[in-house]
Each structure stands twice: as C-alpha cells, then as structure tokens.
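Me: I would like to learn how to read the features of a model like this one. Please take them one at a time, with the general idea before the case.

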Amino acid sequence: MSSNASSAITATRRPLGRRVVDSGRAFAVWFGTFLLTLFGLLVITFALGLTSAADPALHRVGEHASEAVYQQARHNFGLDQPIPVRFANYVWGVLHGDFGISWSSSRSISEDLARVFPATVELAVVAIIFGATIGIALGLASALKPRGLVDNILRLVSLVGYSVPIFWLGLLMLLIFYATLHWAVGPGRLDDIVQYTITWHTGFALIDTLWAGDWASFVDALAHLVLPASVLAFYAIAGISRLTRAALFAELGKDYVTAARARGATQWQIVMGEAFPNVAGVVVTIVALSFTVLLEGAILTETVFAWPGLGRYLTAAIFVADMPAILGATLVIGASFVTVNAIADLLTKLIDPRLRT
Amino acid sequence: MTLANIEAATTQTSASSRRALRSVLASKTATIGIILIALLLLTAALAPVLAPYDPIAQDINNRLLPPSDAHWLGTDGFGRDMLSRIIFGTRPSLGLLALVIATSLPIGLIVGISAGFTGGWVERVLMRFTDIVMAFPQLVLALAFVAILGPGLVNSALALTLTGWPAYARQARTEAAAIRQSDFLAAAQMGGIRGARLLFGHVLPLVLPSAIIRVALDLGGIILAAAALGFLGLGVQPPTPEWGAMVSDGTKVIFDQWWVAAAPGAAILIASLAFNLLADGLRDILDPRRD
Amino acid sequence: MTDLVGVENLTVGFKTAEGGRFTAVNGLSFAMGAEKLGIVGESGSGKTMTALTLAGLAPQAAEITADRLEVAGEDLRRFKARDWPKFRGSVVGLIMQDPRSALNPSLIVGRQVEEALRFHPRFGRSERRDRVLSALEAVGLPNPKTLAGLYPHQLSGGMGQRVMIATALVNEPKLLIADEPTSALDEALREQVLELLVSLVESRGMGLILISHDLVQVARHCDRALVMYRGRLVDQGRAADLPNSTHPYTATLWACRPSAATHGQLLPTLDRTVIEASL
C-alpha cells in the first residue's frame, strides 16, 4: 500500500524538464502575442498619420514656399519614399526614441513625453493603490454577508461608478472640496514655488521631494494628488469590488467551502482563509486590468485637474492639431496599456494553482 | 474602455439567452432601466415639443442665470436655456449610440461567425487579430482617430467602432463554433443549403440573441465614451447641444455658476445609468451562479 | 441511554421557481447510538439532504421542521447562526463525495487537516501539528510530514479521500457523516477506504452515518440500514438483512445491482406503482 501511494505522488507530478519546456513555450506564445500587439499599435498610429490631411512638409515650409522648397522638404521628411519604406523609417525612429518634432512647440516630442509620462504614472499608481485597497475590502465585506447592507451598498456604488462621467465627477469634487469646503488644494501638480525649486531625478514628485529631504514639498505634492487620485480611484473601485465579489461568490458555492464549514469554519474564516486564496490570482488580474482603465481615465482627469501628464499633453496637442505630438502620445499611452494588459495576462497564467508546483 | 467592458467580457452569455430575455421583466433593476431608456427615447423624439425654448437661440442679456421659474435649469454663457439644450442633447447621444452599434455589431458578427464557422487557420488569424485589437486602449485611439479625421458625430462613431467590435466577434465565434458541430446544421447542409445562405439564414439567427444581450452590456460605456469625446471638443460641433461639450463649457464657470456644468453631467449619468441598470439586470439573469 | 442522534418527523422542503413546493425529506424519524447506520436510496431520495440537515449545511432556502432534531444532546432546532461553527467539526464531522472538489486547491494538505483543530482552539501549535501528523498516519498515508506540505492536485483520488477522512477525524467528533465517500473512487480502492473508515470509527467509539446508493456496501459495513424513497423512510432493519427484505422497493434495489453474475441479463426494473401503493 505505502509504495503504491508514494508512486501516486510522483505520477501526478510532471517531470521537471517537461514542465520547463511547457512553460517556456507558453512564455514564447505570450511574448509573441505581446510583440505582435505592439506592432499592430505601430501600424495603427502610422496609418493614422498617413490618413491625416495635415502634411508635415507643408507645415514645415509654410503655404507660400516655392514648389522646389516644398519638394525638398518632402524629400527631407522621406515623404517621397514608398509607404513600406516610410513605415520602416517610422518604426526605426520610434525604436530609437525619435517621435519627431512638435509642430506647436518645436521641441523634441520624446523629451516632452519623458517629462509628462511620470506625472501620469504617479497619478495612476496612487489611484490604483487607493482603488485596489478599498475595492478588494468592499468585495470581501460583501461576501462576508451576502445580500447584507454592505453588499447592497456595493451594488449601488458600482452601478453609479460604472455610469458617472469621470470628468464631471472631477469637476464636482473640485467644486465641493476645493472651492466650497477648502479641504483640498486646487488643480495642478505642485504649488508654483515648489514647481520651480524641485530637482527632478525620477520625474515622480513624491519620490523626488523625499529624495531631496524636502518635507514641505512632499506634503504639497501629496496634497495635490489626493483629489484627482480619489476621483480616478472611485472609477476603479466599482469594477474591482464588483469583480472581487463575483469571484468570491463563485467560490462560496463550491464543495471545499462546504467541507470547511463542516470543519467548523465561520463565515470570516471561509471568506478570508478558504475562498480568498483561490481568487487571489483573479484579483491580481482584475487590478492589473483596472490599471489600464485608469491610464485611460487619467486623460480626462488630467484635463479637469490641470495635471501636467500625458493625457493633458495629448488633449492639448489635439486642440492645436499638433499631429506628431498626437501620434507620439497615443503610441506611448497605447504601449503602456498594451504592456499592462500583457502583464495581467501573464499573471493570470502564472497564478493558476495547477502550475504552482 | 470602461470597467463595465471588463466585466462584460467576463460575463458569459450563452444559449440560455432566449429564456433570459423573457425573464428580463422579472428583474427590478432591468425594469427601471427599461423605463428610463423609454423616457430617454421619448424625450429625444419629442424634443421640439418638450423643450420650452430654442436650444441654440442666444440671449446675451440673460447669460448664466441661476435656475428659476422661467429657466428651470438656468442659462449658459450665451444665455441659452439649459433645460432645452439638455432635452435636445438626448439626440446626439442616442444617435451616436445607435451608429456605433449599427457598425460594430455587424463587423463583430461577420468576423466571429466566419472565424467560428470556418475553423482552421482562418479562425486562428481572425481571432488573433481580434485579440490584438481588443488589447488596444479604446478611448485613446478614438481620440487620435477623431483628432486626425476631424470631429463630428459620424467620425466619433467610427472611432468607437474601430475598437468596439472585438467583444462581439469573440462571442459570435464561440457560438458559431458550437453550431458548426450541431446536427441541425448537418441537416441543413444535406438539404443543399450552403454558403452565405447557410451562414446568414441559419447560423446568424442563432447567434444574434446573445450578441444583442452582449451589446446591451456595453451601452452605458458607449454613452460615457461619446460624452468624453464631446467633453474634449471632438464630438458633435457647436452650436448643436451635446452633453459632454456642455459640461466642457461649464468648466470655465464651475466655481461661480456650477449648474452650467452640473446639469448636463447629471444627464450623462442618468442616461448611462439607465443602460447599466438594464445590463445589471441582464447579468443577474444570465449568471448561472445566481443565488 | 440517550441517543447520539434523535430525529422525529423531519421535513425539509423548498419553494420551487414555479411557486410550488418540493419536499426533499418527508416526515423522517429515526434514532441511533454510537453505531454504524447506513442510509440508502436513489438519487433524489432525500438521503443527502438528511445528512446535510444534521450538520446544518442544508441550503439557505431550505425550510426545515421537526418534532425532534438532536445530535449528542444538542437541540439543533434552537441553533442560531453563530452556534453552528462550534458544533461542526467538533461534534459532527463530514466526509464528502469527491476529494477533488472537496479539498481546497490553494491550501496544502496539512493546513486543511489542521483546520478542525484551529477552528476550535484547544491545543497549541505543536500539539496541533502532532495531531495532524498522527491523523494522516492513522488514515494509512505514508510520509505524513512530506504529504502535509503537498497541494491536493498532487494527490491521487484514493489519497485525497484518505486526507478527507483525516480532516474529519482529527478533532474526534462524536458523529461522522460520510456522503457517498467512495463513489468517486476506483472499484479497487472502495473496499480499502471503507474498511479504513469503519475501523477508525469503531476504534474511536464514534457514530457513523453512511450515505450510499450501494446496498451491498451498506449490508457489509453497517449495523443498521434505513431505506429512503422520495423523501420518505420506506424500510429499515439490520443492514445484514437487506438481501432478505420483503419490502418491494428494497427487494428490487437489491435485485438491480449489476454484477458478474447478472452479466448479459436484463436487470429488473422498478415497478413504481407497487412502491407508491405500499407507502
């Protein structure tokens, strides 16, 4: 009997070598899909640039330039090349961090993007920390008492959260907490004084102020973050709490939960100790997907809160029809979105308990 | 594009959808949603009758008036009646919604049915393409698209369609693949029905009900996306009243005449909520684990 | 002598979606001491619902009435929600049908066996650990220390069910309810696991309720048997007498069991009119 049983252990464990090969193949497929998606994004932004009625050469030389000057500009931009060559040049440029020159500011777009991107990431990261904490807590609380008070409130909150236009919510929050109650500071990322004294290292205001040991500036940065991050977080809470709840409820109907109840588990022990470990992977995926949603939501939030991030950069570029800036910003937001999506996908695969041996 | 989409993507709508449609009215949230949607449609249809004023008539002497008996929701920066503008604002919102669905659903169905029904490498290529498009950020691409093609109702709808169809394609593929294996289809093929007639006469009717339900889950999100485009100045152009653009107008005076932004935003919230209530009811009915 | 389990006129019903009522258990009465009681019947006969009711695990929607419903002197009818966790896992233990679904896939085996001890804190950490290891050893599992660190998907079905038995026995409940404990296992393993279960119950002086559709199994391993049909108790007696029952339902069930001896022959079918008439 005993030899029989111990062989059963090894029989269900696949040989290490095969597991490595399997996971290597799965990783290759994942990475291939990721690259393909990024490539697709490049195709789309390139095609958008082609479709655009705006002519970079004409923009450069002006409408009154002679035909020869105009043709020279076209040649310099590579616009006289066949489209596949132009695409290759475009991809080559992007890979080398060359997004072109802004039409409105005549600055390098990659430098602009490097400056505004950390502001967006900082906002979204703080928001996802708020949102995930509150969202997961709400999901757990409603599973502790199905159809109870918290559960019903959650249903309402998530319905409103799905339905509220975030730019309008941001305006109302500014109106209430800044203009009326004076609890929060106004729009912007930093007070003017801090703005010009801060030394940027990472581009993240919270980190750079701490780095400099400038406590007052750190508090200022945090104070400016609270309102926009809360608005963005609310946007995420609806989805995170609701999907966490749904995942937990699905577990609560399973046999192992009944078995644990039969061993004397309370509802708290069931939810926290039995069901949650099984949905942890799903919850990580939910949070990662919500982060992509926040990246998009940040575009609208930044516009309302005058937050000098990627979203406001994009909307400002749209306003003045600054084509290279629009395409560059779209590409960077799109690539971040695609990357987070891919990471969420990979996490889902990694956290599958059957692969965790 | 919204969290609702993520949730919708995780909600399986399946063959039980016919039965579900019947029990929609048994759900309280769905019923409230349907009533609100009916009111919205009625408002849009009867806008000229319901609106007390001309929505684009400017009156410089009556700018930014607070809500009163004459102007229930006050007036905007051009002295236009807010209530009338909000009533007329149902039209571009619902119109855009209809346009987006009218384009993205057929694309999704064609791609999905072709993939699921053909199988093999066609299916693999189509579905990989679908997955890739699904991984794109919808609002950002829509912004770029409209920024380049020019603002307006049709371009906004096209932009949202561009990234909106993959969810329907995925669902249609799953169902078409299941139908491909079924006996009744073999019978139809033996009866000499082939090609487009088989796909659209026999497969489409079976795939359609759950596709429609899948669309219903997205409607609230589309309303919000459309409003966002309007807010950024990329939607229907002035002076046509559009809710998102109206909120944007109100931004300049938010601290002094807050109602100019608050009222159209509330209209967006109510419209989106109406569709999300319906979706919520549908999701409850479709969830096999419902207690 | 006080009964370990005393049930009188137990009825468990549900409202159906169409507004009707479905009665899963109908007027059931029985009593048992520290013995091995088999409850047999087809699926839908109410045997599992009876077992779940005794552990307070019937679905929320169930409407339960009884003139008497006692386990180890506790009146279950008076239990409030917070009384159940103290009772389950200490007075009554449950073994479920399929170890593949009844073991938590995310928790190691040792932790799941330890649960009944952790949920009713009586012992310190090291004492609990010793008890877990001896429980795993008692159910015939090799290398308890290694095994305690494995996840359920690394176990075979037979080992999984032994682990299930260990989770139920580790806190030494007075009554063990086993709901089809061997139906998910291969034929060859069934007898082994059941013999183990019976010997553990006997050596600890516990009561056992064995829910089964397998009359032979009950006849071989139990002291007494109850036969249920459509929520009612239709026949009862010594388990060993099951083959000789004169009740038409029991007799047909017995005759229906497929075996090598009946290979190639049509099995008798149940004449439901006779049974309905005899109720």
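Me: How many residues has the largest nonpolar core, and which of them have the most contacts inside it?

Reply: A nonpolar core is a set of buried Ala, Val, Leu, Ile, Met, Phe, Trp, Tyr and Cys residues joined through C-beta atoms within 7 Å. A residue is buried if 20 or more other C-beta atoms lie within 10 Å of its own, exposed if 12 or fewer, and partly exposed in between, with C-beta atoms placed from the backbone. Here the largest nonpolar core has 252 residues, and those with the most contacts inside it are A:L232, A:L294 and B:L143. The element that gives the most to this core is α13(A), with 20 residues. This is a predicted model: local features need pLDDT of at least 70, side-chain atom pairs count only at pLDDT 80 or more, and totals for chains, interfaces and linings use all residues. Residues are numbered from 1 along each chain as its sequence is written, while chains are lettered from A and ligands numbered from 1 in the order in which they are written.

Me: Which residues is A:L232 in contact with, leaving aside its neighbours within four places in sequence?

Reply: Two residues are in contact if their C-beta atoms, placed from the backbone, lie within 7 Å. On that basis A:L232 is in contact with A:L123, A:A124, A:A127, A:L294, A:G297, A:A298 and A:T301. One of these, A:L294, is also among the residues with the most contacts inside the core.

Me: How do I read the secondary structure of the chains?

Reply: Helices (H or I, at least four residues) and strands (E, at least two) are DSSP runs, numbered from the N terminus. Chain A has 15 helices and zero strands, and chain B has 13 helices and zero strands. Chain C comes to 11 helices and 11 strands.

Me: What does the radius of gyration say about chain C and chain A?

Reply: The radius is taken over C-alpha atoms, and the globule rule is 2.2 Å times the number of residues to the power 0.38. For chain C the radius of gyration is 19 Å, close to the 19 Å that the rule gives for 279 residues, so chain C is as compact as a globular protein of that length. Its C-alpha trace spans about 60 × 50 × 45 Å along the principal axes. For chain A the value is 26 Å, where a compact globule of 357 residues would have a radius of gyration near 21 Å. The C-alpha atoms of chain A fill a box of roughly 90 × 60 × 40 Å along the principal axes.

Me: What share of each chain is buried?

Reply: Buried residues make up 41% of the 357 residues in chain A, 51% of the 291 residues of chain B and 43% of the 279 residues of chain C. A single residue is read by its neighbour count: A:R115, in helix α6 (residues 109-144) of chain A, counts as partly exposed because it has 16 C-beta neighbours inside 10 Å.

Me: Where do the buried residues lie on a helix such as α3(B)?

Reply: An α-helix has 3.6 residues a turn, so residues three or four places apart point the same way. Helix α3 (residues 28-45) of chain B has 18 residues and reaches 26 Å from its first C-alpha to its last, close to the 26 Å expected at 1.5 Å a residue (1.5 Å times one less than its number of residues). In α3(B), the residues B:A30, B:G33, B:L40 and B:T43 are buried. They cover an arc of only 145 degrees around the axis, which puts them on the same side of α3(B); the arc is that of the directions from the helix axis to the C-beta atoms. On the other side of α3(B), B:K28, B:A38 and B:L42 are exposed.

Me: Which chains touch, and which pair has the most contacts?

Reply: Two pairs of chains touch, and the most contacts are between chains A and B. Chain B and chain C do not touch, their nearest C-alpha atoms being 10 Å apart. Between chains A and B, 43 residues of chain B are in contact with 46 residues of chain A. On the side of chain B that touches chain A, the largest share, 10 residues, comes from α13(B). That side divides into 32 nonpolar, seven polar and four charged residues. Ala, Val, Leu, Ile, Met, Phe, Trp, Tyr, Cys and Pro count as nonpolar, Asp, Glu, Lys and Arg as charged, and the others, Gly among them, as polar.
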